[in-house]
Amino acid sequence: MRRNYERRPRYMEMGVILLVSEILNIGYDVIPPVTLFTVIGQILLYVEAFEVPWSKWDICISGKKVLYDRNYKTLILSCFEHGDDMHLYYNMISFLIKGRSLEPLYSSANFALLLAIISLMTSSIYVALAYSLFNVTQDYSILNSCSIGFSGVIFALKIITTDNATGESFVSGFRVPTKYVAWAELIAIHMLVPNSSFLGHLAGIIAGLLYVKTPLKRIIDNALTTITGVPLNFYRNYRYRYR
């Protein structure tokens, strides 16, 4: 029996163990490098394998921090911290699926840059949503509400992977068209996990839609290939598939 003041090392937490087991089960050699590096990096960050000059709650993102305190580093850093081991586990399992699907289509260099762009877009939209809702409601708690995690980015990637999807999928026992699965999951997660960040997930969906449904896609894609010099593979008669 552990005494109350003894804290279990984070690498022994169930979510971390399950996640590492899943990576080994898939085979780390078949996971694309940027996807693997992103997952391993977030695991190491969570278990505090190395020191960083911030605490997770110092870099959680809120409208107040960005707009009034000018704490702009939260726009990126907040995406890669997680509140607990199961938060990390579910996010990284979902990201593994999407990364394995998307990274080969973009090439690793382009996918890494796309992740950075999508992360910044999602965080910026989160701040814009918080500020807009505050102006409507005058509720300061919306501006002060702070969130961390990769969920918003994952929702954006979900929109990308399901953009041209056909067929149906099940979300919490309900059958929905696969192309709308992100919206169904937004509602389901908000109902089942009340402390999840509805605005963060919604921001990811909006970021994904801006990318796939507006001229921004062509602008971003051109920027990716210009910076990396690597062509995008998905223009070769590819239809995105959802897994």
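Okay, let's start with one ring: Phe150 has a relative accessibility of 0%, so it counts as buried. Keep in mind that we're looking at a predicted model here.

So who sits beside Phe150? Its partner is Phe80: the two ring centres are 5.5 Å apart, and the planes make an angle of 35 degrees, so we call this pair tilted. If you're wondering about that word, stacked needs planes under 30 degrees apart and edge-to-face needs over 60, with tilted for the rest. Now find the two residues on the chain. Phe80 is in the loop between α4 (74-77) and α5 (85-106), while Phe150 is in the loop between α7 (140-144) and α8 (151-161). That's 70 residues apart, so to speak, a link between distant parts of the chain. And is Phe80 buried too, or exposed? Phe80 has a relative accessible area of 26%, so the label is partly exposed.

Next pair, please: Phe95 and Phe111. Here the centres are 6.4 Å apart and the planes are at 10 degrees, so this one is stacked. Phe95 belongs to helix α5 and Phe111 to helix α6 (residues 108-137), and they're 16 residues apart. Both Phe95 and Phe111 are buried. Now put the pieces together: Phe80, Phe95, Phe111 and Phe150 form one aromatic cluster. A search of the whole structure turns up five aromatic pairs, and I've shown you two of them, Phe80 with Phe150 and Phe95 with Phe111.

Let's move along to helix α8. Look at Phe155 first: Lys158 lies over the face of its ring, at 5.8 Å from the ring centre. Phe155 also turns up in the contact between α8 and α10. How do those two helices meet? The axes of α8 and helix α10 (residues 198-213) come within 7 Å and cross at roughly 35 degrees, and the crossing is right-handed. On the α8 side, the contact is made by Ser151, Gly152, Phe155, Ala156, Ile159 and Ile160. On the α10 side, the residues include Gly200, Gly204, Gly208, Leu209 and Tyr211. What kinds of residue make up this contact? By class, there are nine nonpolar, six polar and no charged residues.

Now for some backbone angles. Arg70 has a phi near 55 degrees, which is positive, and Arg70 isn't a glycine. You'll find Arg70 in the loop between α3 (63-67) and α4. With 62% relative accessibility, Arg70 counts as exposed. Ser107 also has a positive phi, about 80 degrees, and again it's not a glycine. Ser107 sits in the loop between α5 and α6. Is Ser107 buried or exposed? Its relative accessible area is 13%, so Ser107 is buried, since the cut-off for that word is under 20%.

Last stop: Ala109, which is in helix α6. At 37% relative accessibility, Ala109 counts as partly exposed. Which residues does Ala109 touch, if we leave aside its neighbours within four places in sequence? The answer is Thr228 and Val230. As for Ile206, 97 residues away along the chain, its C-alpha atom is separated from that of Ala109 by 24 Å.

That's my tour. If you open the model yourself, try Phe150 first, the buried ring we began with, and then pick out the other members of its cluster, Phe80, Phe95 and Phe111.

Key: Residues numbered from 1 in each chain as written. Predicted model: local features only at pLDDT ≥ 70, side-chain atom pairs only at ≥ 80, totals over all residues. Heavy atoms only, no water. Phe/Tyr/Trp six-rings, centres within 6.5 Å; stacked < 30°, edge-to-face > 60°. Helix = DSSP H or I, 4+ residues; strand = E, 2+ residues; numbered from the N terminus. Buried < 20%, exposed > 50% of the residue type's maximum accessible area, 1.4 Å probe, protein only. Lys NZ or Arg CZ within 6 Å of the ring centre and 35° of its normal. Axes fitted to C-alpha atoms, helices over the stretch in contact; angles between N-to-C directions. Left-handed = near helix turned anticlockwise from the far one by under 90°. Contact = heavy atoms within 4.5 Å. Nonpolar A, V, L, I, M, F, W, Y, C, P; charged D, E, K, R; others polar.
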